[in-house]
Amino acid sequence: MLNVPTRFGGRAPRPLRSLMRAAALVAAAAGTALAAPAQAGAADQVAVHQQAVTAGQRQAVLDYWTPERIAALTTPALGNPPAGGPDGAPWTTDNALPRTTGRLFFTDHGEDASCTATVVHSANRSTVVTAAHCVDNTDLLGDDNQWVTNEMFVPGYHDGQAPYGRFVGRTAVADATWLANDQQHGETYDAYDQAFVAVNPNERGQLLETAVGAAQRIGFDRPGDVPSFSFGYPRASADPAREGLPEYTGERLAYCQGRAREYPGTPDWPEPPGQFGPPCIMGGGSSGGPRMTGFDPATGMGTVVGDNTQAGFFDASGNPCALDSHDDCTRYLVGPGFSSAVTEPLYERAQKLS
């Protein structure tokens, strides 16, 4: 079986398929509405999907995520001695960063999963940014694109705790091109692996930004090859020595820092331009986490310029490594840079949703 890039949010490696799904069929899926942004065009359409709107629907999601369900998404701790470095370490500073970053829970094709999402400043004060495969995904064969269900955001999540409350997803926003994703043609779809969720108030009736008291900036068309920080709630580590530490079980926030590099993919699995990220060992669960520039570790504030979606490997000379031969290569956590062409129309639509 071929070794292929892996999506980190909830489910699937990218398997081979013989045919791509037709975008028109996916865009017509039940519950999906399309709206053309300022720069009209089929590939630029914004797909909007209602998740939990009524009080009963919101309560059903809150009831679904029992402590037992959440605990089932926790990787067992292995008791390895603490270890960390620029490519992966726990975030321990109590500032705006852990308030604005959280764990995103959802059900994907009947299986519970989790990603990472970030509070970004918005007109509705209720918007988070994440990866598109954390709101709409295929099955394990790359078929049957579906919007996820039971979406719930927990800012500041740690060790099963929700210090600012739980925010059930109200409306998901993604690019319509992503809805035709077949897990095979990354060169076509991976630039669109980004999404927003407008969330309902928490159990106390507070809007998201009110509850956490902060929101990160969002930036479009920013340079990618610059010093960057990436954050996430990984459930695994690519470094065996750090596997099973609390920050790689899904229970605590982790981060990486370094100069981001653009990952072009490999001849067999090419990527579109703009897939950037720093050296990083964070694994599954870190998908959707923010890549920030201009980040101040003291205040925990920065500008979200991209999201985590997959791994890329480079050798000592800076060349991409073959996916089936990267033992001596450095692992990077990469994802699409946010752009005015793709991201901004999604953001503008999401921040105006109530």
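This is a short talk on the strands, salt bridges and disulfides of the structure above.

Okay, housekeeping before the fun part. What we have is a predicted model, where local features need pLDDT of at least 70 and side-chain atom pairs count only at pLDDT 80 or more, while totals for chains, interfaces and linings use all residues. Residues are numbered from 1 along each chain as its sequence is written, and side-chain values use heavy atoms, with hydrogens and water left out.

Let's start with the strands. When I say strand, I mean a DSSP run of E with at least two residues (helices are H or I runs of at least four), numbered from the N terminus. And two strands count as paired if DSSP finds at least two bridges between them.

My way in is β5, residues 111-119. Of its 9 residues, 7 are buried, so the rest of the structure largely encloses this strand. Buried here is under 20% relative accessible area, exposed is over 50%, and partly exposed is in between, with a 1.4 Å probe and protein chains only.

Which strands does β5 pair with? On one hand there's β4, residues 101-108, antiparallel to β5 over 8 bridges. If you want a register marker, F106 sits opposite A113 in β5. The two strands make a hairpin with 2 residues between them, and in that turn H109 has a positive phi of about 55°. Then there's β6, residues 127-130, also running antiparallel to β5, with 2 bridges joining them. There the marker is T118, opposite V129 in β6.

Keep following the chain of pairings and β6 takes you to β11, residues 195-199, through 4 antiparallel bridges. V128 stands opposite V197 in that pairing. Side chains in a regular strand alternate between the two faces of the sheet. In β6, T127 and V129 point one way, V128 and T130 the other, and all are buried.

Next up, salt bridges. The rule is a side-chain nitrogen of Lys or Arg within 4 Å of a carboxyl oxygen of Asp or Glu. That gives a count of 9.

The one I'd click on brings us back to β4: E251 and R103, at 3.5 Å, N to O. E251 lies in the loop between β13 (227-232) and β14 (254-259) and R103 is in β4, so this pair ties together parts that are 148 residues apart in sequence. How buried are the two partners? R103 has a relative accessible area of 0%, and E251 is at 13%, which counts as buried.

Move along to R252 and you find another salt bridge, this time with D159, at 3.1 Å, N to O. This pair also links distant parts of the chain, 93 residues apart: R252 is in that β13 to β14 loop, and D159 is in the loop between β9 (149-155) and β10 (167-175). Both ends are partly exposed, R252 at 38% and D159 at 35%.

Then we have E348 with K352, where the closest N and O atoms are 3.9 Å apart. E348 is partly exposed at 26%, and K352 is exposed at 63%. There's also a little network, linking D87, D239 and R242 through salt bridges.

Last topic, disulfides. Chemically, that's a covalent bond between the sulfur atoms of two cysteines; the search criterion is a pair of cysteine sulfur atoms within 2.5 Å. How many disulfides turn up in the whole structure? The search finds 3.

C115 and C134 are bonded with their sulfurs 2.0 Å apart. The S-S torsion is about -75°, so this disulfide is left-handed. C115 is in our friend β5 and C134 is in the loop between β6 and β7 (136-137), 19 residues apart. C115 is buried at 0%, and C134 is buried at 0% too.

Next, C256 and C280, with 1.9 Å between the sulfurs. Which hand is this link? Right-handed, with 50° about the S-S bond. C256 is in β14 and C280 in the loop between β16 (275-277) and β17 (290-296), 24 residues apart. Both cysteines are buried.

And finally C321 to C329, S to S 2.0 Å. The torsion of about -105° makes this disulfide left-handed, and C321 is buried at 5%. Number the bonded cysteines in sequence order and the pairing reads 1-2, 3-4, 5-6.

That's my tour, thanks everyone.
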